[in-house]
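Let's take a friendly walk through a protein model, looking at how its charged side chains, its strands and its nonpolar residues are arranged. Keep the picture at hand as you read.

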Amino acid sequence: VAQAVADRAPLGEVWVTSTLRDLSAGSELAFARRDHLDVPALGRQVELDVVRYPDSATRSAARSHSAPR
């Protein structure tokens, strides 16, 4: 599922499933609906959202945490 989500996201955008969106409730992240993904193994569709960071400082921090080590 993760690879299918990553393959659909345009360069420069971070897409997540509705599961991650739901788990991040209460955080400062915001989300906007982009698409749906059929997941036969789950027997349902999963909503795909783009992550919207609240400000550029948070965006920079997120990039530094996701950089390969």
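## Salt bridges

There are seven salt bridges in this structure, which is a predicted model. Side chains of opposite charge can pair when their charged atoms come close. The table shows three of these pairs, with the distance between N and O atoms.

| Acidic residue | Basic residue | N to O distance |
|---|---|---|
| Asp 35 | Arg 8 | 2.8 Å |
| Asp 49 | Arg 21 | 2.7 Å |
| Glu 47 | Arg 33 | 3.1 Å |

Start with the pair formed by Asp 35 and Arg 8. Asp 35 belongs to strand 2 (residues 30-39) and Arg 8 to helix 1 (residues 2-8), so their salt bridge ties together parts of the chain that are 27 residues apart in sequence. Are these two residues buried or exposed? Asp 35 is partly exposed, with a relative accessible area of 30%, and Arg 8 is partly exposed too, at 37%.

Next comes the salt bridge between Asp 49 and Arg 21. Here strand 3 (residues 44-52), which holds Asp 49, is linked to helix 2 (residues 18-23), which holds Arg 21; the two residues are 28 apart in sequence. Both Asp 49 and Arg 21 are buried.

In the table's last pair, Arg 33 meets Glu 47. This salt bridge joins strand 2, where Arg 33 sits, to strand 3, where Glu 47 sits, across 14 residues of sequence. Arg 33 counts as partly exposed at 43% relative accessibility, and Glu 47 is partly exposed at 25%.

Which residues are linked in a network of salt bridges? They are Arg 21, Asp 22, Arg 33, Glu 47 and Asp 49.

## The sheet

Now turn to the strands. Strands of a sheet pair through backbone hydrogen bonds, either parallel or antiparallel. In this model, three strands make an open sheet with antiparallel pairing, in the order 1-3-2. Strand 1 (15-17) and strand 2 are the edge strands, each pairing on one side only. From one strand to the next, the twist averages 35 degrees.

How many bridges join strand 2 and strand 3? The two strands pair in the antiparallel sense over nine bridges. You can trace the pairing yourself: Ala 30 has Arg 52 of strand 3 as its bridge partner, while Leu 37 stands opposite Val 46 in strand 3. Strands 2 and 3 form a hairpin, with four residues between them. In the turn, Gly 43 has a positive phi of about 70 degrees.

## The nonpolar core

In soluble globular proteins, nonpolar side chains tend to be buried together. The largest nonpolar core of this model has eight residues: Val 5, Ala 9, Trp 15, Leu 37, Val 39, Val 46, Leu 48 and Val 50. Strand 2 and strand 3 each supply at least two residues of this core. Strand 3 gives the largest share, three residues.

Try finding Val 5, one of the core residues. Which residues does Val 5 contact, leaving aside its neighbours within four places in sequence? Its contacts are Trp 15, Val 16, Thr 17, Leu 37 and Leu 48. Leu 37 is also a member of the core, and you have already met Leu 37 standing opposite Val 46.

Definitions and conventions:
Residues are numbered from 1 along each chain as its sequence is written. This is a predicted model: local features need pLDDT of at least 70, side-chain atom pairs count only at pLDDT 80 or more; totals for chains, interfaces and linings use all residues. Side-chain values use heavy atoms; hydrogens and water are left out. A salt bridge is a side-chain nitrogen of Lys or Arg within 4 Å of a carboxyl oxygen of Asp or Glu. Buried means under 20% relative accessible area, exposed over 50%, partly exposed in between (1.4 Å probe, protein chains only). Two strands pair if DSSP finds at least two bridges between them. Axes are lines fitted to C-alpha atoms, for helices over the stretch in contact, and angles run from 0 to 180 degrees between N-to-C directions. A nonpolar core is a set of buried Ala, Val, Leu, Ile, Met, Phe, Trp, Tyr and Cys residues joined through side-chain atoms within 4.5 Å. Contact means heavy atoms within 4.5 Å.
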